[in-house]
Amino acid sequence: MAGVAIVSAGGTAVNRPAEYGPHWSGFADRFGMGMAGSSVSNGIEVSAGLALREDPRYFRVPERAFKSRMGNVARFTLSARGENGALVPAYAHYIGIVGGNFLSNTWRVHSEANVPDALLRSSEGFAGRMAANAFAEFWPDVKKYVLRKRNRAAQRDLEMRSESGR
């Protein structure tokens, strides 16, 4: 939802497509259209993944170096674990993202219901998948670092209070 909201806000800022207008109701129309397209793509991807027996989950590799972790992010954008656990092309991702974006041309406004826009939305879908993988890979480490810093600061504050109260 956050990704759709960001894309919708960007579309509202540049008023694209112009049929929706550059105001809150235009944002709502863009957001609704984005959520509908995303829901259809996700439904197609889940169905295809079940039929093809692909495991769509992202698998972290926190013990590896940064460059290797970024490679893993990219790898799982285009690959999935197959029935035997080996990496295979993520056909369900391809079918869901690309198929959903072309299918959504049937209910989009005329100015964006075309092949170039469907391909652009598809590339945005893959970029969003890569961003989600990167978040899954690195957020636990960032959160641990940030919380540890916050906990240290709170501990120092508590120690200072207890010392000043003596």
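Is Phe138 buried or exposed? Phe138 is buried, with a relative accessible area of 17%, and it appears again in the first of these close-ups of a predicted model.

**View A. Phe66 and Phe138 form a tilted aromatic pair.** Searching the whole structure turns up 8 aromatic pairs. In the one formed by Phe66 and Phe138, the centres are 5.4 Å apart and the planes make an angle of 35 degrees. Phe66 belongs to helix H3 (residues 66–78) and Phe138 to helix H5, so this pair ties together parts that are 72 residues apart in sequence. As for exposure, Phe66 counts as exposed at 57% relative accessibility, whereas Phe138 is buried at 17%.

**View B. Tyr94 and Phe126 make a tilted pair.** Here the ring centres lie 6.0 Å apart and the planes stand at 50 degrees, so the pair counts as tilted. Tyr94 sits in helix H4 (residues 91–103) and Phe126 in helix H5, so the two rings tie together parts that are 32 residues apart in sequence. If you look at Tyr94 by itself, you will find a partly exposed residue, with a relative accessible area of 26%.

**View C. Trp24, Phe27 and Phe31 form one aromatic cluster.** For this close-up, simply pick out the three side chains: Trp24, Phe27 and Phe31 together make up the cluster.

**View D. Asn133 is a buried residue of helix H5.** The relative accessible area of Asn133 is 6%, which is under the 20% limit and therefore makes the residue buried. Its side chain reaches the backbone oxygen of Phe76 at a distance of 3.5 Å. Leaving aside residues up to four places away in sequence, Asn133 touches Tyr58, Val73, Phe76 and Thr77. Phe76 thus has two entries in this view: as a residue touched by Asn133 and as the owner of the backbone oxygen that the Asn133 side chain reaches.

**View E. A nonpolar patch lies on the surface.** The patch is formed by Phe135, Trp139, Val142, Tyr145 and Val146, and together these residues have about 480 Å² of accessible area. One of them, Val146, has its place in helix H5 (residues 115–164). Val146 is partly exposed, at a relative accessible area of 36%. Patch residues need over 30% relative accessible area, so that value fits the cut-off.

Key
Residues numbered from 1 in each chain as written. Predicted model: local features only at pLDDT ≥ 70, side-chain atom pairs only at ≥ 80, totals over all residues. Heavy atoms only, no water. Patch = residues over 30% accessible without salt bridge, like charges linked within 9 Å, V, L, I, M, F, W, Y side chains within 5 Å. Areas by Shrake-Rupley, 256 points an atom, 1.4 Å probe, with all protein chains shown as cover. Salt bridge = Lys/Arg side-chain N within 4 Å of Asp/Glu carboxyl O. Helix = DSSP H or I, 4+ residues; strand = E, 2+ residues; numbered from the N terminus. Buried < 20%, exposed > 50% of the residue type's maximum accessible area, 1.4 Å probe, protein only. Polar contact = N/O pair within 3.5 Å; in protein donor to acceptor, adjacent residues only side chain to side chain. Contact = heavy atoms within 4.5 Å. Phe/Tyr/Trp six-rings, centres within 6.5 Å; stacked < 30°, edge-to-face > 60°.
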